Amino acid sequence: MPGTTSTEEIERVIEKKDGGGGGDLPPAGGQGGGGGGDNGKKQPNRPISPGRYYTGIAIGIVSVLMFFMALASAFLVRRGGSDWIPVHIPTLLWINTVILLASSGTLELARKRLAQSDVPGFQRLWLLTTVLGIIFLLGQVAAWRILVKQGIFLASNPASSFFYIFTGAHALHLLGGVAALVYVARRNYDPAKVTRTVAAEVTSYYWHFMDALWLFLLALMYMGK
Amino acid sequence: MVTFDEGGNASSSTGSGFLARLFSTRHKTIGLQYLWLSLASVLVGMVLSTLLRVHASWPDTAIPFLRGLESTPERYAAVRLLHGSLMVFFVLTAAPQLGFGNFLLPLQIGAEEMAFPTLNGLSLWLTVASLAGMTASFFRPLDSGIDLWLVSAAIFSLAALLSALNFSVTTIELRTTGMTLTRMPVTAWAWFVNAILSLLIFSVLLAGCTAVLSDRLLGSNFFSTAAFLAQQPQNLVRQGSLPVLWQRLFWYFAQAEVYVAMLPCFGIITHLVATFSRKPVWKERLVVLSVCGVGVIGFCVWGYHMFATGMNPYAPLVFSVLASSLGIPAAFLLASWLGTLWDARLQFTTSVLFAIGFISLFIAGGLSGIFLARHDLARAAVSEDFVIGHFHLVMGVAATFAILAGLFFWFPKLFGCRMKETLGKAHFWLTFTGVYCIFMPMHWMGLLTQSTLLSGVQRAAVASAGASIRTFVTVATIWTVAAQLLFVVNFFGSLLRTKMAEADNPWQASTLEWSIPSPAPEVDFGGQPPVTYRGAYELVGTSPAEFAPQHLAPELLAQKAR
């Protein structure tokens with residue numbers, strides 16, 4: 001960094017409450033965010049601060065939350081209608097919920113292993129998390145099939161429309177989470193860009209958020225019918 | 001549409017093929033690509049508005065797209081929709097935030113690149129896809145056209161979300177040493193607050209589009225039932241109108257979208273007024289607070305819609321109070337601009353003329369907004385022409401003036417030379433008088449001929465007066481659109497002269513983007529991020545002794561002064 005001038009005189013930028021990068025923020029070059037084509041030819045490989053990933057996921061979560069909040073408020077307005085026929089939530093959904101909660105637990109265990117530098121143990125538990133996530137998704141598909149067999153389709157009535165859009169949109173977002181889990185396990189880490197610990201932590205925030213979001217949606221559909 | 005990138009890289013091409021440059025993830029290339037996108041959109045959008053005006057005055061003339069309306073009346077709405085979509089999404093939302101913001105935000109905060117360049121590139125190409133979709137929907141039959149438009153709007157929302165994420169993370173995380181929040185230029189503040197607001201509202205638009213598309217394509221029941229409409233208050237359900245819930249979902253997006261278009265313009269105007277007045281921004285903290293205030297109130301107006309389940313009798317009042325309370329931060333901003341201009345040695349460049357034009361239009365349009373925000377006055381004022389006049393002045397034209405002001409100011413940074421001042425000033429005066437001649441009479445026309453307070457007989461009596469105003473407006477439109485030829489000549493003429501040497505900091509501005517050569521080099525700051533030593537607007541004159549650039553160390557500044 002530019003040590004030629006009297007940097008002591010100036011106050012350093014310390015904006016990160018959780019002690020991230022702060023004033024020592026190194027030049028990011030063009031290599032952030034997983035690489036961009038012709039960038040950064042002239043820059044040496046300097047490590048980039050992980051702060052952007054934490055902030056990025058936090059902001060991303062707020063944005064996803066707004067998406068579901070808009071639908072939830074529409075749900076609350078809409079359920080007063082006389083054409084509203086509540087959907088009976090299949091029992092399978094409760095089992096799925098337990099599986100998803102368990103996956104959050106295994107994810108935390110995996111991160112604990114990583115903190116102890118037990119990479120094989122981390123990989124095993126991480127894989128278990130991924131598998132639990134996939135089982136949850138398959139379980140959701142099975143729940144849809146149960147409803148379809150009962151003759152409840154997306155187009156049947158407003159309540160069923162909301163049931164399918166809530167579960168569908170959540171499943172789509174969770175699928176993104178599964179992709180992130182696979183990516184974190186598989187990618188080769190260039191310590192100059194991002195460490196495995198950071199990637200795992202950022203992914204875990206999203207995964208736990210998906211978990212909490214599912215509980216919220218389930219409660220909304222269960223109590224709001 | 002293949003030509004987006006030509007000017008953008010003319011000055012900074014170093015080998016690597018055309019495709020590599022087209023799909024570059026550099027913030028400067030992407031910023032320029034957005035600006036080219038906006039330029040193409042604004043030109044097409046202007047031509048469409050001229051067609052609409054000509055049709056309004058002389059319905060019998062054969063006009064492209066508006067011929068044979070008797071058999072296909074929906075074509076008229078289609079032209080209006082395309083005009084509105086191009087202008088709102090690809091000019092007002094894209095140019096001030098995504099165009100200038102992408103190019104200048106990293107330069108102004110000393111960041112070298114956006115936080116997530118790949119996402120940034122993705123966002124650009126999603127925007128291009130959305131533009132292509134909206135344009136194509138115009139040529140489709142009504143039903144499939146609407147589906148295609150909704151898909152495009154959803155894609156645009158996604159693009160806007162990705163950009164907003166990038167802008168906010170970049171501002172929070174990548175500021176250079178010494179660039180504290182209080183030292184950040186007001187432009188950067190405005191882009192940041194705007195990104196946060198976009199993040200919240202575009203999620204809602206995305207949810208709304210998803211639900212409507214699912215209703216239209218998959219037959220779900222989010223919006224479309226008579227039972228739901230029947231239990232809504234009668235005054236909200238008009239015959240043949242869109243279902244109420246969708247309208248609400250759309251409007252709480254659309255209301256906030258106004259602020260999304262205006263916020264970066266507030267930043268640009270504050271920045272330019274201070275730079276050309278050679279004075280610090282008057283009450284800078286208050287300005288930043290006002291910018292945040294516009295964001296917060298913009299979100300509350302919207303959030304109020306979202307959480308109000310069912311309409312209660314107080315709802316119009318609450319809404320009216322919220323909408324009016326926007327006047328408070330707006331008044332602060334206005335006071336600051338005027339306070340900065342007060343007694344200043346103002347340099348009358350084209351850029352500052354457009355900035356003053358913005359202030360004038362903002363006042364004029366804001367005043368007519370009071371009529372619409374008060375629910376008792378709105379009964380008299382809400383007529384098609386009055387509302388069109390109001391939002392074109394305050395949102396459309398004012399924001400366009402801010403974009404032009406910014407373009408004249410940053411043209412050397414973008415392309416390496418200034419635009420011609422004389423041509424620019426002629427363009428300004430013709431446009432400025434032109435837009436007032438279009439939109440002021442339009443208010444009058446709305447009050448006179450479409451007022452709901454007049455009975456049918458009374459309205460017929462004033463109809464003839466309305467016809468002559470309408471013709472005047474149309475002539476003014478043609479004149480204003482023709483005046484834009486001056487801009488096109490100036491713009492492209494200047495691009496041809498980019499090889500001419502230009503001072504790196506022709507305006508003696510103090511922010512970081514002017515600490516590097518013009519046009520901005522391949523690698524910002526030559527790989528050596530600057531250090532910031534002071535606030536953004538320590539301006540008191542034009543010689544280096546008199547003004548203090550943000551990047552100059554105190555001892556170097558003292559040296560220069562000697």
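Visitor: Which residues is Ile269(B) in contact with, leaving aside its neighbours within four places in sequence?

Guide: In this predicted model, Ile269(B) is in contact with Trp337(B), Ala355(B), Phe358(B), Ile359(B), Ala402(B) and Ala405(B), once its neighbours within four places in sequence are set aside.

Visitor: Which residues touch the most other members of the largest nonpolar core?

Guide: In soluble globular proteins, nonpolar side chains tend to be buried together. Here the largest nonpolar core has 198 residues, and those touching the most other members are Leu263(B), Ile269(B), Phe358(B), Ala398(B), Ala402(B) and Ala405(B). Helix 7 of chain B, residues 186–218, supplies the largest share of this core, 20 residues.

Visitor: How many helices and strands does chain B have?

Guide: Chain B has 18 helices and 0 strands. Of its 562 residues, 50% count as buried. Among the contacts in chain B with a separation of 6 or more, 81% join residues 24 or more positions apart.

Visitor: How should one read the packing of helix 4 of chain A and helix 5 of chain A?

Guide: Two packed helices are described by the angle between their axes and the distance between the axes. The axes of helix 4 (residues 158–186) and helix 5 (residues 196–223) of chain A come within 10 Å and cross at roughly 165 degrees. The two helices are therefore roughly antiparallel to each other, and their crossing is left-handed.

Visitor: Which residues meet there, and of what class?

Guide: Phe163(A), His170(A) and Leu181(A) are among those in helix 4 of chain A, meeting a set in helix 5 of chain A that includes Tyr206(A), Trp207(A) and Trp214(A). By class, this contact has 15 nonpolar, 4 polar and no charged residues.

Key. Residues are numbered from 1 along each chain as its sequence is written. Chains are lettered from A and ligands numbered from 1 in the order in which they are written. This is a predicted model: local features need pLDDT of at least 70, side-chain atom pairs count only at pLDDT 80 or more; totals for chains, interfaces and linings use all residues. Axes are lines fitted to C-alpha atoms, for helices over the stretch in contact, and angles run from 0 to 180 degrees between N-to-C directions. Helices (H or I, at least four residues) and strands (E, at least two) are DSSP runs, numbered from the N terminus. Angles under 35 degrees count as roughly parallel, over 145 as roughly antiparallel, 65 to 115 as roughly perpendicular and the rest as oblique. A crossing is left-handed if the near helix is turned anticlockwise from the far one by less than a right angle, and right-handed if clockwise. Two residues are in contact if their C-beta atoms, placed from the backbone, lie within 7 Å. Ala, Val, Leu, Ile, Met, Phe, Trp, Tyr, Cys and Pro count as nonpolar, Asp, Glu, Lys and Arg as charged, and the others, Gly among them, as polar. A nonpolar core is a set of buried Ala, Val, Leu, Ile, Met, Phe, Trp, Tyr and Cys residues joined through C-beta atoms within 7 Å. A residue is buried if 20 or more other C-beta atoms lie within 10 Å of its own, exposed if 12 or fewer, and partly exposed in between; C-beta atoms are placed from the backbone.
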